Amino acid sequence: MSVDSRAGRETTELTREELIRYSRHILLPQVGEEGQAALKKSRVLLVGAGGLGSPVALYLAAAGVGTLGLVDFDSVDLSNLQRQILHGSSGIGSPKIDSARDRLKDINPNVRVEGYETRLTASNALDIARDYDLIVDGTDNFATRYLVNDTAVLLGIQNVYGSVYRFEGQASVFGAPDGPCYRCLFREPPPPDLIPSCAEAGVLGVVPGLVGTVQATETIKILLGVGETLVGRLLLIDAMTMAFRTLEIRRDPECPACGTREITELMDYDELCGDTVQSGTSSSSERSSGGAVTEIQPYQLAQRLERGEKLEIIDVREPYEWQIGHIPGARLVPLGQIAEEIPRLDKRRETILYCKAGARSMNAAKQLASAGVADVRNLAGGILRWIDEVDPTMPRY
């Protein structure tokens with residue numbers, strides 16, 4: 001953990017500079033000097049400094065939230081910049097925590113930034129989050145969403161949730177007294193590989209901006225104690241039709257987190273959710289993924305290629321992705337064409353499939369296994385892990 005500290009943080013009295021900086025807030029009867037002082041005193045933990053975390057962090061810093069905790073272990077890469085407006089081209093290759101800290105300090109030097117350059121896990125989540133007033137969930141995978149939710153419930157603080165998928169977004173506030181939590185909406189994680197991440201499915205760059213701005217708004221309202229928040233409601237955003245609607249969510253008395261309180265300690269959900277996005281690693285060198293499909297690790301594939309083994313390696317990404325970079329010896333068969341390719345495959349030959357992060361290729365691998373291909377393997381983590389562990393000269397996207 002790295003912490004930026006500033007002298008004079010012991011008092012929440014507004015300085016002359018802050019009175020000028022926040023004057024448009026202070027003019028609002030619902031805020032005033034008292035409310036602005038409350039924002040200065042507040043501590044908000046933001047998990048994820050990416051697409052959702054970017055607008056949240058920028059607006060909370062500009063609003064004068066006194067302390068922002070940022071949890072992120074990733075580095076800035078070129079493909080982030082289409083939507084992660086907290087970072088710029090000059091930050092490519094640097095830790096997102098460092099890039100975010102520099103930008104936020106430029107936005108508002110009065111804000112204290114506490115950076116946690118680490119993966120959020122069951123072993124550290126409670127220690128990191130316990131001194132914050134609330135958590136903002138800016139993650140992009142189910143494993144961390146369940147971890148954030150359970151952490152918030154156990155600590156008795158609110159969780160400002162957001163998620164995006166292609167042209168759509170969702171937002172809500174979970175963990176409020178007498179309000180539902182994330183598990184009241186989604187009791188258990190979805191089956192592995194059912195829902196692709198943004199890395200697999202894509203996302204319109206402005207959609208995280210829309211959802212993140214809603215999250216920042218809800219956070220400020222909670223800290224000020226004003227307005228009606230999204231507690232008990234799920235906001236659905238469709239950017240294609242620019243339609244906003246809300247669904248009522250009720251607290252589930254049988255919810256294992258906030259209802260029966262069966263969940264008394266945290267666990268890591270990577271295996272349960274089939275997520276490798278956060279950890280970047282699998283729990284074993286090969287693990288069963290259903291049917292006749294197993295996973296092969298990048299280093300194992302590299303070793304076998306180096307030995308000259310004859311393997312059928314199929315890239316199920318789109319042609320433009322293939323042009324960015326591909327594994328030597330592979331051939332391109334986009335996922336939409338995989339069914340047509342099955343009759344032409346040698347079903348006795350070992351077949352290894354890969355995509356960007358592993359979800360699309362797992363889909364294809366299951367199709368092949370169901371069609372009788374004897375030995376099908378999915379490359380764990382896709383080409384992104386291949387880049388990280390085997391060929392870092394290949395461009396990421």
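The exercises below concern aromatic rings and charges over rings in a predicted model.

Residues are numbered from 1 along each chain as its sequence is written. Local features need pLDDT of at least 70, side-chain atom pairs count only at pLDDT 80 or more, totals for chains, interfaces and linings use all residues, and side-chain values use heavy atoms, without hydrogens and water.

**Exercise 1.** Classify the pair of Tyr116 and Tyr132, and place both residues.

Solution. Rings of Phe, Tyr and Trp (its six-membered ring) pair if their centres lie within 6.5 Å; planes under 30 degrees apart are stacked, over 60 edge-to-face, the rest tilted. A search of the whole structure finds six such pairs. For Tyr116 and Tyr132 the centres are 6.5 Å apart and the planes meet at 70°, which is edge-to-face. Tyr116 belongs to strand β4 (residues 112-116), while Tyr132 is in the loop between α6 (125-129) and β5 (134-137), 16 residues apart. Helices (H or I, at least four residues) and strands (E, at least two) are DSSP runs, numbered from the N terminus.

**Exercise 2.** Are Tyr161 and Tyr182 buried or exposed, and how are their rings arranged?

Solution. The planes stand at 45° with centres 5.3 Å apart, so the pair is tilted. Tyr161 lies in strand β6 (residues 158-165) and Tyr182 in helix α8 (residues 182-185). Buried means under 20% relative accessible area, exposed over 50%, partly exposed in between (1.4 Å probe, protein chains only). Tyr161, at 2%, is buried; Tyr182, at 1%, is buried. Tyr161 and Tyr182 share one aromatic cluster with Tyr146, Phe174 and Phe186.
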